[in-house]
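Ready for a few warm-up exercises? Try each task yourself, then walk through the solution.

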Amino acid sequence: MSVQWYPGHMAKATRLMKEELKKVDVVVVLGDARAVNRSINRDFFEIIKNKRRILVFNKSDMADESVNTAWQKRFQEQNETVFFIDCLNKKGIAELVTNIKLYKQSIRYDRAVHVMIVGIPNVGKSTLINRMA
């Protein structure tokens with residue numbers, strides 16, 4: 001018997017993500033600000049490939065602000081769009097939505113931008129969707 005490290009629900013979600021990606025304009029990769037390096041599934045980057053992506057780290061209110069700033073600088077040096085947000089207190093949500101709207105204007109869409117939000121369990125995907133709505 002082999003040990004499977006990749007949970008079945010994540011394998012299913014990854015498969016669905018690949019199927020739906022062609023309908024999406026922007027992918028928000030959501031992680032946890034308290035564990036920036038460990039809360040992002042790097043497999044997402046390979047799946048997303050050339051799609052516009054935005055890195056978002058939730059629960060920034062529970063993380064060290066100086067550490068958040070250092071991570072933000074590091075990602076920006078790598079030409080990544082990154083936001084540190086707090087969904088419960090709605091901190092940073094407006095800026096994220098504005099960034100997505102600016103992207104829509106830059107490519108002159110006549111329709112709504114389709115956004116996919118991906119992340120490992122318990123990073124706040126549902127809360128972010130509810131706050132953005």
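## Exercises on loops and rings

One thing to keep in mind before starting: this is a predicted model.

**Exercise 1.** Work out where Asn-122 sits and whether it is buried or exposed.

*Solution.* Start with the place: Asn-122 belongs to the loop that runs between strand E4 (115-118) and helix H5 (125-132). Next comes the surface. The relative accessible area of Asn-122 is 67%, and the cut-off for exposed is over 50%, so Asn-122 counts as exposed. Last, look at the backbone: Asn-122 isn't a glycine, yet its phi is positive, about 70 degrees. For background, most residues other than glycine have a negative phi.

**Exercise 2.** Do the same for Lys-59: find its loop, decide whether it is buried or exposed, and list what it touches.

*Solution.* Lys-59 is in the loop between strand E2 (52-58) and helix H3 (65-77). Its relative accessible area is 18%; buried means under 20%, so Lys-59 is buried. Now for the neighbours. Leaving out residues up to four places away in sequence, Lys-59 touches Asp-32, Ala-33, Arg-34, Ile-85, Asp-86, Asn-122 and Val-123. Spot Asn-122 from the previous exercise among them. Lys-59 has a positive phi too, near 65 degrees, and it's another residue other than glycine.

**Exercise 3.** Look for aromatic pairs: how many are there in the whole structure, and how are Phe-57 and Phe-84 arranged?

*Solution.* A search of the whole structure turns up three aromatic pairs. In one of them, Phe-57 and Phe-84 are 5.2 Å apart centre to centre, with 25 degrees between the planes. Planes under 30 degrees apart count as stacked, so this pair is stacked. Then check the elements: Phe-57 lies in strand E2 and Phe-84 in strand E3 (residues 81-84), so the pair ties together parts 27 residues apart in sequence. Both are buried, Phe-57 at a relative accessible area of 0% and Phe-84 at 11%.

**Exercise 4.** Describe the pair of Trp-71 and Phe-75, then say which residues the ring pairs link into a cluster.

*Solution.* The ring centres of Trp-71 and Phe-75 are 5.6 Å apart and the planes meet at 25 degrees, so this pair is stacked. Both residues lie in helix H3, four residues apart, which is about one turn of the helix. Trp-71 and Phe-75 are both buried. Put the pieces together, and ring pairs link Phe-57, Trp-71, Phe-75 and Phe-84 into a cluster.

**Exercise 5.** Find what lies over the face of Phe-45.

*Solution.* That's Arg-53, at 4.1 Å from the ring centre of Phe-45.

Technical notes:
Residues are numbered from 1 along each chain as its sequence is written. This is a predicted model: local features need pLDDT of at least 70, side-chain atom pairs count only at pLDDT 80 or more; totals for chains, interfaces and linings use all residues. Side-chain values use heavy atoms; hydrogens and water are left out. Helices (H or I, at least four residues) and strands (E, at least two) are DSSP runs, numbered from the N terminus. Buried means under 20% relative accessible area, exposed over 50%, partly exposed in between (1.4 Å probe, protein chains only). Contact means heavy atoms within 4.5 Å. Rings of Phe, Tyr and Trp (its six-membered ring) pair if their centres lie within 6.5 Å; planes under 30 degrees apart count as stacked, over 60 as edge-to-face and the rest as tilted. A charge sits over a ring if NZ of Lys or CZ of Arg is within 6 Å of the ring centre and within 35 degrees of the ring normal.
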